[in-house]
2 protein chains.
Amino acid sequence: MGTRQLETVPEPKYWHLKTVLSEALDSEFAVGEILPNERELAARFGVARATLRQALEQLELEGRLQRRRGVGTTVAPPRMGVAVGTAEQAWPGAAGDPWQPVDCTESAPSAAVARLLGTGPEEAVHIVRRSLVAHGQAVAAELLHVPAASVPALPGIAAGAGAARARAVLRELQHLELDGQDRAVELGSARAEDARELDRLPGAPVLVVTTRYFTASGATAAVSVATYRADTCRLTFDASGDLAIHHDEERQAS
Amino acid sequence: MGTRQLETVPEPKYWHLKTVLSEALDSEFAVGEILPNERELAARFGVARATLRQALEQLELEGRLQRRRGVGTTVAPPRMGVAVGTAEQAWPGAAGDPWQPVDCTESAPSAAVARLLGTGPEEAVHIVRRSLVAHGQAVAAELLHVPAASVPALPGIAAGAGAARARAVLRELQHLELDGQDRAVELGSARAEDARELDRLPGAPVLVVTTRYFTASGATAAVSVATYRADTCRLTFDASGDLAIHHDEERQAS
DNA sequence: AAGTGGTCTAGACCACCGG
DNA sequence: CGGTGGTCTAGACCACTTC
């Protein structure tokens, strides 16, 4: 990266800072190591703290750093691969599904989910909350929306609460024949509730995976909206049909 | 969502601002409409411009707004769905592939790509640049890495330049038998080069899709690194096997 | 030239975590 | 309690687009 300030390149300071820091992370720091605090880093680079923070924010977005209030800034491990697209399609909660049921409520879904389900906007559905933990860290939170029509044999509403009820809904789902599914991935920001569960601040970047599950009759039997921590996760769509979560040392290609 | 300021919930101003603006966008603004400028909005809400900008940044990240220097802030259309996972797996450049070849160079890949390819870190590969345009807007830029061993019958190095050479490499790829592929999606920030092509500023959030293509012998024959504009794209992994880009009115479910 | 969003500054205070 | 990152301010100047 030689000197080339002679071109029409008034490179922003934070961008240059990010590059310098990124190279320093590669060569001079080990995973888990804590960096000097923001005030000292800013002084060392001769910039305002806000400018230094702009660079740190980018590096955190790229999964290179992890910042925690009251603690400090540490060098993040490489992103973990999380398998979300498997060849063997199965209902959520099938054998080997690593998601952990948390609880289950019954209420009206958001307008967007209602549209995907094809149900009326006022019609209540079962909403199963599940979470995905990998390497001791919560990496994703899911809201699984199941219309009552999909689980007709569900025991009465009072059939337990919390995780027990969630498991009951998932068990009933297995009785349906799954015909296919449909996935979309987009960038979002964590709602306050998800942020708490993912140990992030509200608004943290997340990858939102929306999955529609179809029955043999072609109807949408359930819709899952899963939010993955964008800073620590790389979603993998292997053809290998393996649900296992694996942690590897591959870095973002670029 | 009643009033609950009595709890220990000192909600940040920018977060509240974002909520207010978001609701205003839903009810009072049409797609494409320009908002008042930042200085006026900040004054109207009684906050500093930096705080107002923090809210706008979040909304832009969520694909609700589009900001352009020298122009203004406009209400963004819903994200377009871009199909990236198709049941009928095919080599890049196959019939119906909407990607447009731009040019082709021959150089050493990044360390990360070299690892995926299984080639030596110094070994040069063909790097085909392609771009994806939808609705008159560039939505993605791709670097397709093809080791020389994958296209042995390629005419001499001087066989054209630019798009012509890119097409030649793609044509040769079709002669190989494709056995499978492997995808990963993660959040990244646009390199300066990608940012220019995507009409964004450097560092803009992008969805990075890394695809490995395998030959029947199990070797990695090519690696594609595609960066999609995270603000305007929703990646779809339909089982329908349709490469078409469709624009629909679905909003992020949340 | 005028107006927009993008960058940068030098401060201040707050919420959170640890000892 | 001290130290950390998170929020917020009130300015300034710059790069870009449009007229």
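For these entries, a residue counts as near a DNA strand if one of its heavy atoms lies within 4 Å of that strand. I am working from a predicted model, and I keep that in mind throughout.

**Entry 1: DNA strand C**

I started with the atoms of DNA strand C that lie within 4 Å of the protein, and found that 66% of them belong to sugar or phosphate, with the rest belonging to bases. I then asked which residues come nearest among the 27 around this strand. They are A:Lys13 and A:Thr51 from chain A, together with B:Asn37, B:Arg49 and B:Arg53 from chain B.

Next I looked up individual polar contacts to the phosphates of strand C. The side chain of A:Tyr14 places an N or O atom 2.9 Å from a phosphate oxygen of DNA strand C. On chain B, a polar side-chain atom of B:Asn37, already listed among the nearest residues, is 2.8 Å from a phosphate oxygen of the strand, and for B:Arg67 the corresponding distance is 3.4 Å.

I also noted which elements build the surface near DNA strand C. Chain A supplies at least two residues from each of helix H1 (13–28) and helix H3 (49–61), while chain B does so from helix H2 (38–45), helix H3 (49–61), strand E1 (65–68) and strand E2 (72–75). The largest share, four residues, comes from H3(A). Sorted by class, this surface has eleven charged, nine nonpolar and seven polar residues.

**Entry 2: DNA strand D**

I repeated the search for DNA strand D, where 67% of the atoms within 4 Å of the protein are in sugar or phosphate and the rest are in bases. Of the 27 residues around strand D, those that come nearest are A:Asn37, A:Arg49, B:Lys13, B:Ala48 and B:Thr51.

Where does the side chain of A:Arg49 meet DNA strand D? One of its N or O atoms is 2.8 Å from a base nitrogen of the strand. I found a further contact to a base at A:Arg39, whose side chain has an N or O atom 3.1 Å from a base oxygen of DNA strand D. A:Arg67, by contrast, has a polar side-chain atom 3.4 Å from a phosphate oxygen of this strand. The elements giving two or more residues to the surface near DNA strand D are helix H2 (38–45), H3, strand E1 (65–68) and strand E2 (72–75) of chain A, along with helix H1 (13–28) and H3 of chain B. H3(B) gives the largest share, four residues, and the classes are nine nonpolar, seven polar and eleven charged.

**Entry 3: the hairpin of chain A**

Since E1 and E2 of chain A appear in the surface near DNA strand D, I looked at how they pair. They run antiparallel and are joined by four bridges, one of which links A:Leu65 to A:Val75 in E2(A). The two strands form a hairpin with three residues between them, and A:Gly70 in the turn has a positive phi of about 80°.

**Entry 4: how the two chains relate**

I superposed chain B on chain A, which takes a rotation of 180° with 0.0 Å of shift along its axis and gives an RMSD of 0.0 Å. That is the relation of a two-fold axis. I also noted that 100% of the interface residues of chain B are interface residues in chain A as well, so the copies meet through the same surface.

**Entry 5: sheets shared by the chains**

I traced an open sheet of eight strands with mixed pairing, in the order E4(A)-E5(A)-E6(A)-E9(A)-E8(A)-E7(A)-E10(B)-E3(B). Its edges are strand E4 (100–107) of chain A and strand E3 (80–83) of chain B, each having a single partner strand, so one side of each is left without a neighbour in the sheet. Neighbouring strands are turned by 20° against each other on average, direction ignored. Within this sheet, E6 (137–147) and E9 (220–229) of chain A pair in the antiparallel sense over six bridges, and A:His145 has A:Val223 in E9(A) as its bridge partner.

A further open sheet of eight strands, also mixed, runs E3(A)-E10(A)-E7(B)-E8(B)-E9(B)-E6(B)-E5(B)-E4(B). Here the chains are joined by three bridges between E10 (233–237) of chain A and E7 (178–189) of chain B, which run antiparallel; A:Thr236 has B:Ala184 as its partner in E7(B). Helix H5 (162–173) of chain B packs on this sheet, touching E4, E5 (125–134) and E6 (137–147) of chain B, and its direction makes about 85° with that of E4(B).

Methods
Residues are numbered from 1 along each chain as its sequence is written. Chains are lettered from A and ligands numbered from 1 in the order in which they are written. This is a predicted model: local features need pLDDT of at least 70, side-chain atom pairs count only at pLDDT 80 or more; totals for chains, interfaces and linings use all residues. Side-chain values use heavy atoms; hydrogens and water are left out. Two strands pair if DSSP finds at least two bridges between them. Axes are lines fitted to C-alpha atoms, for helices over the stretch in contact, and angles run from 0 to 180 degrees between N-to-C directions. A polar contact is a pair of N or O atoms within 3.5 Å; within protein, one must be able to donate a hydrogen and the other to accept it, and residues adjacent in sequence count only if both atoms are side-chain atoms. Ala, Val, Leu, Ile, Met, Phe, Trp, Tyr, Cys and Pro count as nonpolar, Asp, Glu, Lys and Arg as charged, and the others, Gly among them, as polar. Copies are superposed by least squares on the C-alpha atoms of residues with pLDDT of at least 70 in both. Contact means heavy atoms within 4.5 Å.
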